[in-house]
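Biologist: Before we discuss any single element, could you show me how to read a model like this one, going from the overall fold to one part of it?

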Amino acid sequence: MSVPLKLYNTLTREKAEFAPIDPRNVRLYVCGPTVYDYAHIGNARPAIVFDVLFRLLRQRYGAEHVTYARNITDVDDKINARALRDHPGLPLNEAIRQVTEKTETQYHEDVASLGCLEPSFEPRATDNIAGMVAIIEKLIAKGHAYVAEGEVLFDTKSMPDYGQLSKRPLDEQQAGARIAVDAHKKNPQDFVLWKLSSHNEPGWESPWGRGRPGWHIECSAMSERYLGEEFDIHGGGLDLIFPHHENEIAQSRCAHGTPVMARVWMHNGFVQVEGRKMSKSDGNFVTIHDLLHTEKFGGRQWPGEVLRLAMLMTHYREPIDFSVKRLEEAERLLAKWPAVEDMGGLPCETVLDALSDDLNTVAAVQALHALAQEANLDKSLLPLFAASASLLGVLPKKTEVDEALAAAVDALVAMRLEMLKAKNFAEADRIRAELAEKGIQLKDGKDAATGERVTTWEVKR
């Protein structure tokens with residue numbers, strides 16, 4: 001490899017060279033979805049970002065030497081509420097299963113359409129209750145947790161350096177959206193490890209009665225089971241730094257007596273939609289399924305590779321404004337790339353070096369575009385382009401349009417552009433109409449680099 005891999009660590013607020021604990025088993029954990037509803041475009045970003053990291057680690061260390069775990073949260077109060085709302089006539093456990101199985105299946109279909117590889121392990125919270133109970137018992141035994149009014153709570157003041165991930169001193173922390181302030185807590189910042197379940201709530205037997213786990217303990221148990229007490233990288237969205245990841249660290253370190261839980265913490269930035277925070281009440285809440293299969297966004301369906309490239313055109317730590325304009329820009333770029341299939345082989349060093357600089361996908365896409373232009377002229381470069389595109393997971397798909405038709409359409413599109421330059425708008429409109437009759441849809445835009453008019457086309461679905 002020409003350059004070392006450097007990653008920005010939220011824990012240290014620095015970008016540093018990555019050195020795995022064991023190069024023969026590089027371990028990555030990412031917080032996955034809570035399966036109570038279809039995944040939205042904000043959920044797509046960590047799936048894509050950490051898929052690129054997974055691909056990069058496999059490239060550098062060998063596919064057999066990288067372990068990637070991404071969990072499924074299938075026990076949560078939001079799931080309970082959705083089950084009661086959608087299936088009021090069913091027993092709760094059956095209703096919950098209906099909700100989680102449907103939503104999990106849809107999530108898998110969605111992220112596969114976005115070009116994401118399957119993780120090495122995808123543990124479900126409900127399959128790891130015993131591990132959660134074991135960690136809670138350790139915390140109680142070591143004086144880091146206590147039982148109060150049927151709940152088991154983590155004692156935040158028992159951990160001197162609690163708050164080091166978010167850099168929020170304990171006495172300045174305020175109870176957040178998922179931290180309840182109750183009279184039975186020793187400290188307002190203490191959080192639930194285990195809570196009792198009523199007769200109409202899902203529950204498991206434990207030393208503290210029939211109950212269910214708190215949100216944070218789930219990931220501590222699942223990451224320990226599949227990656228160990230200490231592992232290399234933990235990822236997720238920026239919104240998870242506090243309280244979720246902060247509390248994961250507290251539980252895991254205090255239970256196991258380790259200096260760290262994960263050595264590197266990586267967080268992707270927020271996603272806005274058309275310049276605004278995504279919200280159902282504002283009418284700009286967009287699911288991956290909507291984008292792929294309906295015409296709710298921009299009046300059309302969008303291919304998965306276009307959605308993925310649109311995400312990768314912004315650095316993962318920066319906020320992204322997800323818009324129709326951004327999707328159109330990504331589509332125009334893809335239209336200029338040769339259609340290829342992954343044929344194996346080594347990627348371009350320039351693309352690899354860009355990704356090795358804290359997943360600089362912006363520079364990687366630029367390098368890939370330059371390589372695409374060369375490969376369009378020199379077909380011997382197609383395997384190199386394919387390997388490089390595969391590293392980003394954005395292989396342009398081959399269409400079912402035969403070469404003769406494509407050549408004829410390209411010739412008419414070029415002729416129309418000349419007519420527009422000559423201000424012969426009547427002839428330009430005639431060509432567009434002629435192509436439309438044949439099922440060919442044109443889309444005009446501007447080249448991001450030159451500002452010149454460009455036209456892409458597609459066969460109407």
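The dialogue below takes up the whole chain and then one helix.

Biologist: What kind of model is this, and how many helices and strands does the protein chain hold?

Modeller: This is a predicted model, and the secondary structure of its protein chain comes to 14 helices and 15 strands.

Biologist: How does the radius of gyration of the protein chain agree with that of a compact globule?

Modeller: A compact globule of 461 residues would have a radius of gyration near 23 Å, and because the protein chain has 25 Å, the two agree. The C-alpha trace spans about 80 × 55 × 40 Å along its principal axes, and 53% of the 461 residues count as buried. Among contacts between residues at least 6 apart in sequence, 72% join residues at least 24 apart.

Biologist: Turning to a single element, how many residues of helix 12 are buried, and what covers them?

Modeller: The general idea comes before the case. An α-helix has 3.6 residues a turn, so residues three or four places apart point the same way. Helix 12, which runs over residues 382-392, is mostly covered, with nine of its eleven residues buried; among them are Leu382, Phe385, Ser388 and Leu392. The cover over these buried residues includes helix 1 (41-61), helix 8 (304-312), helix 10 (349-356) and helix 11 (361-377).

Biologist: Which residue takes a positive phi just after helix 12?

Modeller: That residue is Gly393, with a phi of about 75°.

Methods:
Residues numbered from 1 in each chain as written. Predicted model: local features only at pLDDT ≥ 70, side-chain atom pairs only at ≥ 80, totals over all residues. Heavy atoms only, no water. Helix = DSSP H or I, 4+ residues; strand = E, 2+ residues; numbered from the N terminus. Rg over C-alpha atoms; globule rule 2.2 N^0.38 Å. Buried < 20%, exposed > 50% of the residue type's maximum accessible area, 1.4 Å probe, protein only. Contact = heavy atoms within 4.5 Å.
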